[in-house]
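Student: Before we begin, could you take me through the ligand site and set each value against its definition?

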Amino acid sequence: MMKKHNFYAGPSILPQEVIAATADAVKNFSNTGLSVLEVSHRSKEFQAVVDEAVVLFKELLQIPEGYSVLFLGGGASSQFCMAPYNLMKGKTAYLNTGAWATKAIKEAKFFGEVVEVASSKDKNFTYIPTGYTVPSDVDYLHVTTNNTIYGTELHQDLDVNVPMVADMSSDIFSRPIDIKKYVCIYGGAQKNLAPAGLTFVIIKDDALGQVDRAIPTMLDYRTHIKKGSMFNTPPVMNIFTALETLRWIKKIGGVAEMQRRAKEKAALLYAEVDRNKLFKGTVEKKDRSYMNICFVMEEKYAALENAFLEFASLKGMVGIKGHRSVGGFRASCYNAMPLESVKALIECMKAFEAKN
Ligand SMILES: *Cc1c(COP(=O)(O)O)cnc(C)c1O
């Protein structure tokens with residue numbers, strides 16, 4: 001079969017060796033003679049997987065004392081309600097940078113007053129707003145650090161006067177994070193860590209227990225902290241795969257190396273988008289995402305959009321069709337994306353330009 005270059009936005013590319021290790025464990029998990037699909041989450045072999053995954057998660061992101069790492073189900077979308085349920089006393093602030101942020105805002109409104117401090121909706125979320133003020137009496141500011149659909153990214157942790165809650169679904173482990181600025185960081189694992197069905201949460205322990213409302217057991221972070229993510233059955237295989245990804249990140253040089261690679265890949269691809277007469281980028285240059293690289297045809301060549309998709313697919317490019325709310329193309333270049341695949345896409349763009 002022809003070599004495929006996987007640019008899907010999510011679920012998305014995982015390192016080949018992580019997939020191979022998972023395939024091995026599906027046949028024989030940790031020398032138990034059983035598949036990872038059929039072992040008890042309470043077995044000592046699986047407990048060892050969870051324990052190591054938490055340790056590596058904390059080590060790679062340099063998570064200080066006083067924070068817990070949880071592995072849950074429900075996706076990032078469940079965290080849109082779980083975070084305010086647990087953390088919002090009265091009033092919170094949200095930065096609206098796209099479709100996911102908008103969904104998070106909608107859920108927070110179930111629990112109190114939500115101040116939308118700024119929004120880039122006026123320009124179809126093609127930039128990250130700046131120059132807004134965050135009211136000092138809010139419980140937290142919520143940010144979406146990488147906007148998977150529109151291709152914008154906060155490249156640094158913001159400096160604000162209140163603690164932050166962040167949706168880091170699509171850029172976790174792609175750069176160092178100053179964890180102490182956050183009370184909660186969450187995300188779906190399917191962009192940069194593991195197969196779909198696993199949700200990670202980094203939560204500051206002493207931020208909990210401060211709201212007046214009663215919280216249903218499953219939606220209370222304290223339940224999962226107390227039970228070490230084993231209150232109910234967690235997604236066993238996905239946690240195994242997450243551990244393999246974390247080991248891979250560590251072996252390769254940690255998040256600093258992931259960031260170096262992400263910048264290198266993105267710089268090459270954006271340079272080609274800017275150089276190639278057929279294409280143009282869709283977002284403000286300073287806010288361009290390293291993870292999701294969005295571009296469209298120049299107006300003059302708009303009629304060639306489908307032809308390029310076809311051309312690229314014949315050369316093994318998969319998943320580059322843009323999200324319907326942006327159109328054009330989106331090349332997602334998560335941590336596992338090899339430089340070689342980015343170069344192959346660039347060659348493809350050059351070859352298509354030469355033909356047209
Ligand atoms: C994919 C994504 C989500 C949704 O994640 P689910 O796990 O499908 O709920 C939320 N936020 C961001 C930034 C995403 O990229």
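Student: What makes the shell around the ligand divide into nonpolar, polar and charged residues?

Tutor: The classes follow from a fixed list, in which Ala, Val, Leu, Ile, Met, Phe, Trp, Tyr, Cys and Pro count as nonpolar, Asp, Glu, Lys and Arg as charged, and the others, Gly among them, as polar. By that list the shell divides into 3 nonpolar, 9 polar and 2 charged residues. This is a predicted model, in which local features need pLDDT of at least 70, side-chain atom pairs count only at pLDDT 80 or more, and totals for chains, interfaces and linings use all residues. Residues are numbered from 1 along each chain as its sequence is written, and side-chain values use heavy atoms, with hydrogens and water left out.

Student: Which residues are the closest to the ligand?

Tutor: Among the 14 residues that surround the ligand, the closest are S77, T148, D167, Q190 and K191; a residue is near a molecule if one of its heavy atoms lies within 4 Å of it.

Student: Why is the pair formed by D167 and the ligand called a polar contact?

Tutor: A polar contact is a pair of N or O atoms within 3.5 Å, and a polar side-chain atom of D167 lies 2.6 Å from a nitrogen atom of the ligand, so the pair qualifies. For Q190, a side-chain N or O atom is 2.9 Å from an oxygen atom of the ligand, while for K191 a polar side-chain atom lies 2.6 Å from a ligand oxygen atom.

Student: How much of the ligand does the protein bury?

Tutor: Taken alone, the ligand exposes 390 Å² (Shrake-Rupley method, 1.4 Å probe), and the protein buries 87% of that.

Methods: Polar contact = N/O pair within 3.5 Å; in protein donor to acceptor, adjacent residues only side chain to side chain.
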